[in-house]
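User: I would like to go through this model with you, one point at a time. Please keep the reasoning short.

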Amino acid sequence: MRDVFIAETGRLLDEEPRTALVLADISAGHGRFADAAVKHPDRVVNVGIREQLMVGVAGGLALTGMRPVVHTYAPFLIERAFEQVKLDLGHQGVSAVLVTVGASYDWAEGGYTHFSPRDVALLDTIPGWRVVVPGHPDEVAGPLRDAVLGDEPVYIRLSLRRNATPQPVTDRLTVLREGSRAAVVAVGPMLDNTLAAVEGLDVTVAYTANVRPFDVTGLRMLGHDTIVVVEPYLAGTSDRVLRTALADRPHRLLSLGVTTADLHAFGTPDDHDRWHGLDPAGIRAAVGDFLH
């Protein structure tokens, strides 16, 4: 996903003079954005390891009419620089395209400083953000281009985790199979684990990479009052959105995602999936218990 992002951003810098790129050392070196910095020295800005400044610079660029793309690890951009996202973008009434890597625990060996399962929940406290969580590298370029050519605030959450097959990235839920007992909505890179988990169960499975705004109309049209959502970030992040969408009718909702436990463990991303119940066996057990 990161390679697709770098290549597409390079093309956008070539094609769209309004586009600017703001970095904080991450991805700035050889083989990443070094060539783009040489070609566009006035529109590729590397502020060094100063993430708050990075967002402040993006806000200043946006105030001049530029369209800044801001990029680093998720915990550094969304958590460390959250005050600047809130003030220098949101409060100033300007927007940017925030693109992160690292996701919840992609670089597990980097430790807790590089984990960011709370990012989408944090952005939910600022109105108006579109949030895209691709599940495959082929789901990156289109949403990125749309974001850069648009004017709304957009967060694109890239990951090393990926599904085997890309899905359409639209504003609507993509229904992959239908069943009668429940609807299971998989977000981004959670799709393959979810499909493996519910194999043989009589449930509808739907997919989305566009989580904000969430397709609440599509959710209601699935025709189920028993809903399971499987997200690759903090469990319960979408509870408020989904419960509001279903507030006029009785429903049951199970939210699966990264738990709040501080495990004090490194391991691998697969280990963390298992520890948080997001591997196929963990999802299967949770869904099975919920349906009985």
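User: In β12, which residue is the bridge partner of Thr226?

Analyst: This is a predicted model. Six bridges join β11 to β12, and the two strands run parallel. In that pairing the partner of Thr226 in β12 is Arg252.

User: What is the order of the strands in the open sheet?

Analyst: The open sheet has five strands, and their pairing is mixed. Its edges are β7 (174-177) and β12 (252-258), each paired on one side only. From one strand to the next the twist averages 25 degrees. The order is β7-β9-β8-β11-β12.

User: Which residue in β9 stands opposite Val187?

Analyst: Strand β8 covers residues 183-187, and β9 covers residues 204-208. Five bridges join these parallel strands. Opposite Val187 stands Thr208.

User: And which residue of β11 stands opposite Val184?

Analyst: β8 also pairs with β11, again in the parallel sense, over four bridges. Opposite Val184 in β11 is Val228.

User: How many residues of β11 are buried?

Analyst: Buried means under 20% relative accessible area. β11 is largely enclosed by the rest of the structure. The count of buried residues in β11 is nine of the nine.

User: What angle does the direction of helix α12 make with that of β12?

Analyst: Helix α12 (residues 280-291) packs on the sheet. There α12 touches β11 (226-234) and β12. Its direction and that of β12 make an angle of about 165 degrees.

User: Why do the buried residues of α5 lie on the same side of the helix?

Analyst: In helix α5 (residues 82-91), the buried residues are Phe82, Gln84, Val85 and Leu89. They share a side of α5 because of the arc they cover around the axis, only 150 degrees.

User: Which elements do the buried residues of α5 pack against?

Analyst: Phe82, Gln84, Val85 and Leu89 are the residues in question. They pack against α3 (51-63), α4 (74-80), β4 (97-101) and α6 (119-123).

User: Are α3 and α5 roughly parallel or roughly antiparallel?

Analyst: The axes of α3 and α5 are 9 Å apart, and the packing angle is about 10 degrees. Angles under 35 degrees count as roughly parallel. The two helices are therefore roughly parallel.

User: Which residues of α5 make the contact with α3?

Analyst: From α3 come Gln52, Val55, Gly56, Ala58 and Gly59. By class, the contact has four nonpolar, four polar and one charged residues. The α5 side is made by Gln84, Val85, Asp88 and Leu89.

User: What is the relative accessible area of Gln52?

Analyst: Gln52 sits in helix α3. Beyond its neighbours within four places in sequence, Gln52 contacts Arg80, Ala81 and Gln84. Gln52 is still partly exposed, at a relative accessible area of 34%.

User: How far apart in space are Gln52 and Val184?

Analyst: In sequence, 132 residues separate Gln52 and Val184. Taken C-alpha to C-alpha, their distance in space is 38 Å.

User: Is His272 buried or exposed?

Analyst: His272 lies in helix α11 (residues 269-275). Leaving out residues up to four places away in sequence, His272 touches Tyr105, Ala108, Phe115, Leu263, Ala265 and Phe266. Its relative accessible area is 2%, so His272 is buried.

User: What phi does Gly93 take?

Analyst: Gly93 comes just after α5. Its phi is positive, at about 75 degrees.

Notes. Residues numbered from 1 in each chain as written. Predicted model: local features only at pLDDT ≥ 70, side-chain atom pairs only at ≥ 80, totals over all residues. Heavy atoms only, no water. Pairing = 2+ DSSP bridges. Axes fitted to C-alpha atoms, helices over the stretch in contact; angles between N-to-C directions. Contact = heavy atoms within 4.5 Å. Buried < 20%, exposed > 50% of the residue type's maximum accessible area, 1.4 Å probe, protein only. Arc of directions from axis to C-beta. Parallel < 35°, antiparallel > 145°, perpendicular 65-115°, else oblique. Nonpolar A, V, L, I, M, F, W, Y, C, P; charged D, E, K, R; others polar.
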